[in-house]
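Q: I would like to learn how to read salt bridges and helix geometry from a set of coordinates. Please take me through some cases.

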Amino acid sequence: MNQKALKILEYDKIILQLKQLAQSEPGKKMVEALKPYSDLEAINRKQNETSEALSTVLKYGSLPIRGTHLIGPSLKRLAIGGNLSILELLHIGDVLRVASRLKSYFREGEEMICTLSIAPLFLDIEPLTPLLREIDRCIISDDTIADEASSQLHQIRRSIQNTHTKIRSNLNSIINNNNQKTMLQDPIITIRNDRFCVPVKAEYRSQFKGMIHDQSSTGSTLFIEPMSVVELNNGLTELAHEEQEEISRILAELSALAAVHMEALKINLDVMAELDFIFAKAELALKQNATLPMFNDNKEINLKKARHPLLSDQEVVPIDIYLGKSFNTLVITGPNTGGKTVTLKTLGLFSLMGQAGLHIPAFDGSSLTVFDEIYADIGDEQSIEQSLSTFSSHMVNIVDILKKATIDSLVLFDELGAGTDPTEGAALAMATLENLFARRVLTVATTHYSELKVYALSTEGVENASCEFDVTTLRPTYRLLIGVPGKSNAFAISKRLGLGDDIIEEAKALLQQKEVRFEDLITDLEINKKLAIAEKEKAEKYRKETEILKRRFDLQKEAFEQKKQEMLMEAKKEAYRITEAAKEEADRLIRQINRIADSAQIDTKALEESRSTLRQSMTKMENEMGLPKAKAKGTKAKDIAIGDTVFVAPFNGNGAVLSLPNSKGEIQVQMGIMKSNVSLKDVTVLQEESHHPKEARKKASSKSVTTKAYNISTEIDLRGEMTIDALQVLDKYLDDAYLSKLPMVTIIHGKGTGALRSAIHKHLRKVKYVDSFRIGAYGEGESGVTIVEFK
C-alpha cells in the first residue's frame with residue numbers, strides 16, 4: 001500500500017492505538033511493522049488468529065505477557081561468547097517469568113485453546129525453570145548480586161564487613177580522643193577517593209599522622225587518612241577488587257548457562273512477540289466492539305452499521321455502504337459537514353484494517369474485498385474558496401491515480417473537480433469517473449455538482465448516494481442514503497446563518513426552471529426514501545418480535561421435552577421397583593415350594609396353594625405395572641398328549657404336559673421344578689421343531705429339571721465385564737443355579753481394583769436365597785473369586 005493513502009486515511013492512528021494495547025517491546029515492534037496484506041489466504045489466516053485470540057480473551061481474560069524485554073542484542077552477545085551484565089540477565093529472567101505465566105494461561109484454557117490454530121505458539125514456549133531459578137538465586141536487583149550467589153562471594157563480603165567495622169572502630173577512637181579531637185574540624189568520618197578519612201584543621205597538618213586525600217575549597221580543612229587505618233583501607237580495597245572479580249565470574253557462569261539455552265530463548269522471544277501482537281489485535285477488537293469481516297474475491301463491499309474507529313461513540317453515526325455488486329462507482333452528494341468525507345475515510349480505513357488482519361467496527365456479516373492498492377485524494381479544506389494551487393495539487397494526485405489504478409484498486413475522491421470553474425470542473429470530474437468506470441475500478445467520489453448526479457442517474461453501473469440533511473432542524477443526520485442524490489441545501493443553510501429572504505428569493509429566481517424541477521425531483525426521492533426506510537424499520541421490528549416469539553416457543557418445546565423425559569424416567573424407576581418387589585415375592589414362594597418338595601411326603605395341596613398364591617401375586621404385579629396380559633388360544637382334549645410343550649397363560653411361560661385331562665378339563669403341567677393343574681382353556685400347544693414319539697417327549701419332559709442341573713456350571717467367570725452387565729449375568733446365573741439345587745457356586749471376578757468384587761458382594765447381600773458367601777481360600781483363587789452357598 002502507498003504511504004500517502006495510509007496517512008490520508010489515518011491508518012497510522014489505528015496502529016498507534018494497537019501499539020498502546022501491546023504489552024511488550026517485541027510486540028510493539030511487530031505492531032509498528034504491520035502493513036495491509038494483499039493475499040486473500042494470508043488475510044483470512046490473520047483474521048482467524050484475531051478471532052481466536054478474541055474468543056480466548058473473552059473466556060480467560062487478557063494475555064499475561066507484560067514484562068517481556070528485547071533480549072535480542074543479549075542473545076547476539078551470547079552467540080559470540082560474550083558475558084552479560086546483571087541487567088541483561090535480569091531481562092532474560094523476566095522473559096522466562098512471562099513464559100511461565102503463559103504456560104499457566106495455556107493450561108487453564110487448554111481444552112479450548114488446543115482446538116485453535118494459535119495453540120502451537122503456546123506449545124513452543126519453554127519456561128526454562130532451572131535457568132530462571134539460578135538467575136533469581138544469584139541476582140537481587142539490577143545492580144546487586146546476592147551474597148548466596150557463591151560461597152566465595154559470601155566470604156569476601158563478610159571480610160569486607162569485618163574490615164569496615166575495624167576501620168570505623170579505629171576512627172571512632174580517634175575522633176573521640178580528647179587530644180586529637182581539637183585537631184579535627186568536625187568529629188565525623190568521611191570518605192575520599194574510596195578511603196576512610198577524618199576532617200583535620202590545616203594548622204595541625206604536621207601534628208596529625210596520615211595521608212592527605214583532599215582539602216576543602218577554602219583550604220582550611222584537610223581530609224586525612226590516619227596511619228592507623230591505612231593498612232585496613234588497603235585491605236578493604238583488595239577485598240573490593242576480589243568482590244568484583246567474583247561477581248564477574250558469577251556473571252560469566254550465568255551467561256554460559258544462558259548460552260546453552262540460547263535457541264530456546266530466541267524461540268520464546270519470537271513466540272511471545274507473536275502472541276502479544278495477535279492478542280493486541282483482539283484487545284483492539286474488544287475495545288472497538290469490532291467484528292470479523294468476510295473477505296471475497298468478487299470485488300464486492302458490504303459494510304453494515306459501519307462506525308469510524310477514530311470517532312467517539314457519542315459522535316459517530318453508523319452507516320451502511322455497499323459497492324461492487326450492481327454498481328462499481330458511487331457518487332456521494334450532500335451539504336458540507338454532512339459526513340461525506342467521513343464516509344470516504346471509513347470505507348478506505350476499513351479496507352486497510354481488514355487487510356491488516358484487524359476486525360472492523362461494523363455489524364456481523366460485513367464483507368470486504370482485497371485491493372492491491374488504495375488511492376485517496378482527500379483534503380481537509382472545507383472552504384468554498386480554493387486557490388489555483390490547491391486545484392493544481394489535486395489534479396497532480398488525480399493524474400497519478402489515473403496512471404496507476406487497476407481493476408484491483410480502490411479509488412476515493414473528495415470534492416472531485418472542485419477549485420476551478422464549475423462547468424469545467426464538473427466536466428473533468430465526469431470524464432475522470434467515466435475513465436475509471438470503463439476500466440472497472442471501484443470508485444467512490446463526493447461532489448456538489450448536479451451534473452455528476454445526472455451522470456449517476458443516467459449511467460448503469462454508477463449509483464448516487466447522499467448524506468441525509470434534516471431541513472426542519474437544518475442539521476445533517478450523517479446517515480448515508482444509497483440510491484438517492486442529495487441536495488447541497490445552500491439556500492436553507494444560508495437562511496439559517498442569517499442571509500436575508502429577499503436575497504434568497506432573488507437567487508432562486510436566477511436558477512433555470514429545469515434545475516428547479518431537478519431539485520424538486522431530488523426532494524421527492526428523499527421523501528420516498530425516508531418512507532421506505534421507515535417501512536423497512538417497521539418490518540425489521542416485526543421480524544425481531546417474530547424471532548423472540550419463536551425463541552420462546554423453542555424454549556417451551558425444549559422444556560416440554562425435558563419434562564416428558566423426566567416423567568418417562570420416573571415411570572421406568574417405578575416399573576423397576578414393582579418388578580423387584582415381584583421378584584422378591586417369587587423368590588419367597590419358590591423357596592417355600594422347594595421346602596415342600598424336599599420334605600419326605602409331598603403335600604400336593606400345599607404345592608397347589610403356593611402355586612395359586614404365586615399366580616395371584618404375579619397377576620397383581622402385572623395389574624400394577626399395566627402390562628398387557630398374555631392370552632391362550634385354548635386346547636381341545638383330543639389335541640393334547642402327554643409330553644407336549646404348552647404355553648401356560650396364567651404363568652406367562654412354557655411347560656410340559658404330565659397327564660391327560662381329568663373330568664374337570666384340567667391337565668397337570670410341569671414348569672421347572674413346579675407341577676401344577678391348569679385348565680385346557682389356559683394352555684396352547686406349541687409346535688416342536690423335531691417330531692419325537694409322545695412317549696419320548698414325556699420322558700424328556702419328566703427329566704427336564706434333572707438335565708438342567710447337569711448342564712449348569714458350578715462357576716461363572718465375570719472378568720472383563722462392565723459392572724452393570726456383570727450383575728445382570730450373575731443374577732440370571734444365581735437363579736438357574738438355585739433352581740437346579742446346586743449347594744454352592746464359585747464367582748470368578750478377578751483381583752484388579754476390587755470394584756467389581758465390591759459390587760458383587762453388595763448384590764449378594766440382597767439375594768434372599770443366598771445363605772452366605774466368602775472370599776476364596778488358598779488354592780481356590782483367593783481374593784480373585786467369591787464362594788456362594790445357598791439356603
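A: This is a predicted model. Start with one pair: Arg 192 and Asp 214 form a salt bridge, and their closest N and O atoms are 3.3 Å apart. Arg 192 belongs to strand 3 (residues 190-192) and Asp 214 to strand 5 (residues 210-215), so this contact ties together parts that are 22 residues apart in sequence.

Q: Which accessibility class do Arg 192 and Asp 214 fall into?

A: The class follows from relative accessible area: under 20% is buried, over 50% is exposed, and partly exposed lies in between. Arg 192 has 24% and is partly exposed. Asp 214, at 33%, is also partly exposed.

Q: Which residues are joined into one network by salt bridges that share partners?

A: The network consists of Glu 10, Lys 13 and Lys 345.

Q: How many salt bridges does the rule give in total?

A: The criterion is a side-chain nitrogen of Lys or Arg within 4 Å of a carboxyl oxygen of Asp or Glu. Applied here, it yields 23 salt bridges. One of them joins the side chains of Arg 77 and Glu 88, with an N to O distance of 2.2 Å. This pair links distant parts of the chain, eleven residues apart: Arg 77 sits in helix 5 (residues 72-79) and Glu 88 in helix 6 (residues 86-108).

Q: Is Glu 88 buried or partly exposed?

A: Glu 88 counts as buried, because its relative accessibility is 16% and the cut-off for buried is under 20%. Its partner Arg 77 is partly exposed, with a relative accessible area of 31%.

Q: What separates Arg 97 and Asp 94 in helix 6?

A: Sequence spacing can be read as helical turns here. Arg 97 and Asp 94 are three residues apart in helix 6, which means that about one helical turn separates them. Their side chains meet in a salt bridge with an N to O distance of 3.0 Å. Arg 97 is partly exposed at 27% relative accessible area, and Asp 94 is partly exposed at 24%.

Q: How do I read the span of helix 4, and what is the expected value?

A: Take the distance from the first C-alpha to the last and set it against the expected span. Helix 4 (residues 40-60) has 21 residues and reaches 30 Å, close to the 30 Å expected at 1.5 Å a residue.

Q: Which residue follows helix 4, and what is its phi?

A: Look at the backbone angle just past the end of the helix. Gly 61 follows helix 4, and its phi is positive, near 90°.

Key: Residues are numbered from 1 along each chain as its sequence is written. This is a predicted model: local features need pLDDT of at least 70, side-chain atom pairs count only at pLDDT 80 or more; totals for chains, interfaces and linings use all residues. Side-chain values use heavy atoms; hydrogens and water are left out. Helices (H or I, at least four residues) and strands (E, at least two) are DSSP runs, numbered from the N terminus. Buried means under 20% relative accessible area, exposed over 50%, partly exposed in between (1.4 Å probe, protein chains only). The expected span of a helix is 1.5 Å times one less than its number of residues.
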